[in-house]
Amino acid sequence: MNTFAFHLPTKIHAGNGSFMKTGEYIQDIVKGKRLFIVTDPGIVDLGLVTQLEDMLANQSFETHVFTEVKPNPRDYDCIMGDELAREFQADCIIALGGGSVIDAAKAIAILQVLGGRPQDYAGRDQVPAPVTPIVAIPTTAGTGAEVTRSSVITDTEKKIKLTIKDVKIAPAVAIVDPELTYQLPAHLTASTGMDALVHAVEAFTCKRSNPVADGLAIEAMKRIYPALRPAVTEGGSNQEARYELMIGATIAGMAFSHADVASVHCMAEAIGGLYDTPHGVANSMFLPYIIEFNAEADIKKHATIARTLGLVGEDASETDATAALVAEMKHLAFDLAIPTFSSLPQVKEEDFEYLAESAFQNGSTPSNAREIQKQDYLMLFEKAFRAKNER
């Protein structure tokens with residue numbers, strides 16, 4: 001019976017070929033002609049940046065390209081981008097890439113207007129004024145960052161991830177074109193797709209869930225789960241799976257942006273901050289153990305997920321349904337060749353105390369379905385570390 005608000009300021013243009021209409025789609029939100037493109041070297045190598053620049057030049061836009069974004073974007077990446085965006089006097093920021101690129105673009109948009117460092121705006125609703133308009137063009141089907149009000153940036157001094165959450169940094173326009181994912185390698189398709197699935201699961205089960213976000217989360221699961229294995233194994237040749245995965249990831253982004261994520265992300269961001277682990281990989285490692293931990297707090301919702309994914313019939317007990325969900329999340333990670341926590345070469349058991357504290361301090365810990373303490377996180381890190389690669 002909780003009260004909630006739903007505010008989606010992002011206009012979404014979705015479907016195959018949407019990328020080729022970028023200039024048309026951004027006309028309404030760009031008040032000038034100077035477009036600052038944020039991307040990474042891999043996207044440049046694919047030729048997408050040149051393609052975008054040529055399209056925009058045909059409509060008399062002037063562009064400047066910033067390519068210095070790393071996976072798990074650093075605070076200094078954003079500060080460097082801000083300096084260049086200010087020098088260029090950008091009227092709009094276009095993010096072309098995965099979640100790291102889009103998160104960096106959001107931080108740059110803040111700094112260009114308000115100055116300072118990303119750390120100055122960490123937390124919920126800490127951005128005091130409108131920022132430079134953002135256009136997000138995702139090239140992975142995973143983070144949903146193209147429709148979220150969040151930016152996750154690595155604090156390189158503290159070796160933690162900080163999150164800026166404010167509706168002012170939601171992109172004005174999202175251009176969601178599944179064709180941009182056709183060349184994505186299998187391992188990136190797997191990790192980003194699992195990230196999207198975790199978004200839907202956590203949005204549905206967290207304490208900040210609401211009826212609108214729940215509907216979006218369920219719809220996202222229905223699209224993501226059956227598409228994930230074929231998208232990974234068949235690549236761009238399975239265009240239907242690529243479409244479903246891309247649209248599902250965007251819907252999942254809307255779901256968690258209007259609810260929250262929870263302890264899977266808290267653990268994933270802890271190891272991402274310390275070890276620079278790819279975010280989708282980290283989420284996949286911890287999902288089954290958090291589901292198992294959380295189920296007693298809301299077994300009905302966890303059972304609903306299992307039924308939504310077709311893992312059990314309607315006549316199965318909630319206990320059996322949840323057990324099936326835990327087992328399948330382990331199987332899925334195995335089938336997609338997601339590494340286990342213990343297989344990461346940089347992981348040391350002596351770090352677990354620090355990781356547990358980092359996870360506990362994460363702003364999404366209070367949203368977890370079941371109350372969770374530092375000692376619980378420590379137990380879960382140890383459990384995930386000792387687990388074998390299960391099929």
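Analyst: Two residues are in contact when heavy atoms of theirs lie within 4.5 Å. The model discussed here is predicted.

User: With which residues is F381 in contact, leaving aside its neighbours within four places in sequence?

Analyst: F381 meets M267, A270, I271, F286, F341, F352, L355, A356 and A359.

User: How should a set of such nonpolar residues be read, and which members of the largest nonpolar core touch the most other members?

Analyst: In general, nonpolar side chains of soluble globular proteins tend to be buried together. In this model the largest nonpolar core has 84 residues, and M221, I271, F341 and F381 are those that touch the most other members. Helix α7, residues 211-234, supplies the largest share of this core, with 12 residues. Another core, of 29 residues, lies apart from it and includes V38, I102, I108 and I164.

User: Which residues of helix α3 are buried, and why do they line one face of the helix?

Analyst: The general idea is that an α-helix has 3.6 residues a turn, so residues three or four places apart point the same way. In α3, which spans residues 48-57, the buried residues are L48, V49, L52, M55 and L56. Viewed down the axis of α3, these buried residues fall within an arc of 125°, and therefore they line one face of the helix.

User: Against which elements do the buried residues of α3 pack?

Analyst: They pack against the helices α1 (22-26) and α2 (41-45), and against the strands β2 (34-38), β3 (62-66) and β4 (92-97).

User: How is a buried charged residue to be read, and what is the nearest side chain of opposite charge to R242?

Analyst: One looks for a charged partner, and then for polar atoms within reach. R242 is part of helix α8, residues 239-257. Although R242 is buried, it has no salt bridge; the nearest side chain of opposite charge is that of E234, 9.2 Å away. The R242 side chain does reach the backbone oxygen of T181, at 3.1 Å. Not counting residues up to four places away in sequence, R242 touches P178, T181, Y182, L184, T189, A231, G235 and G236.

User: Is N294 buried or exposed, and which side chain does a polar contact join to that of N294?

Analyst: N294, in helix α10, has a relative accessible area of 3% and is therefore buried, the cut-off for that class being under 20%. Its side chain is joined to that of N368 by a polar contact of 2.7 Å. Apart from residues up to four places away in sequence, N294 touches H302, N368, A369 and R370.

User: What is the phi of D276, and what is that of A337?

Analyst: Most residues other than glycine have a negative phi. Here D276 has a positive phi, near 65°, and A337 also has a positive phi, near 60°. D276 is located in the loop between α9 (263-275) and α10 (279-294), and A337 in the loop between α12 (318-335) and α13 (352-361). With 33% relative accessibility D276 is partly exposed, whereas A337, at 64%, is exposed.

User: Where is Q89 found, and with which residues is Q89 in contact beyond its neighbours within four places in sequence?

Analyst: Q89 occupies the loop between α4 (75-88) and β4. Its relative accessible area is 55%, so Q89 is exposed. Beyond those neighbours, Q89 is in contact with R34 and Q112. Separation along the chain may also be set beside distance in space: Q89 and G32 are 57 residues apart along the chain, and 9.9 Å separates their C-alpha atoms.

Conventions. Residues are numbered from 1 along each chain as its sequence is written. This is a predicted model: local features need pLDDT of at least 70, side-chain atom pairs count only at pLDDT 80 or more; totals for chains, interfaces and linings use all residues. Side-chain values use heavy atoms; hydrogens and water are left out. Helices (H or I, at least four residues) and strands (E, at least two) are DSSP runs, numbered from the N terminus. Buried means under 20% relative accessible area, exposed over 50%, partly exposed in between (1.4 Å probe, protein chains only). Lys and Arg count as positive and Asp and Glu as negative; His and the chain ends are not counted. A salt bridge is a side-chain nitrogen of Lys or Arg within 4 Å of a carboxyl oxygen of Asp or Glu. A polar contact is a pair of N or O atoms within 3.5 Å; within protein, one must be able to donate a hydrogen and the other to accept it, and residues adjacent in sequence count only if both atoms are side-chain atoms. The arc is that of the directions from the helix axis to the C-beta atoms. A nonpolar core is a set of buried Ala, Val, Leu, Ile, Met, Phe, Trp, Tyr and Cys residues joined through side-chain atoms within 4.5 Å.
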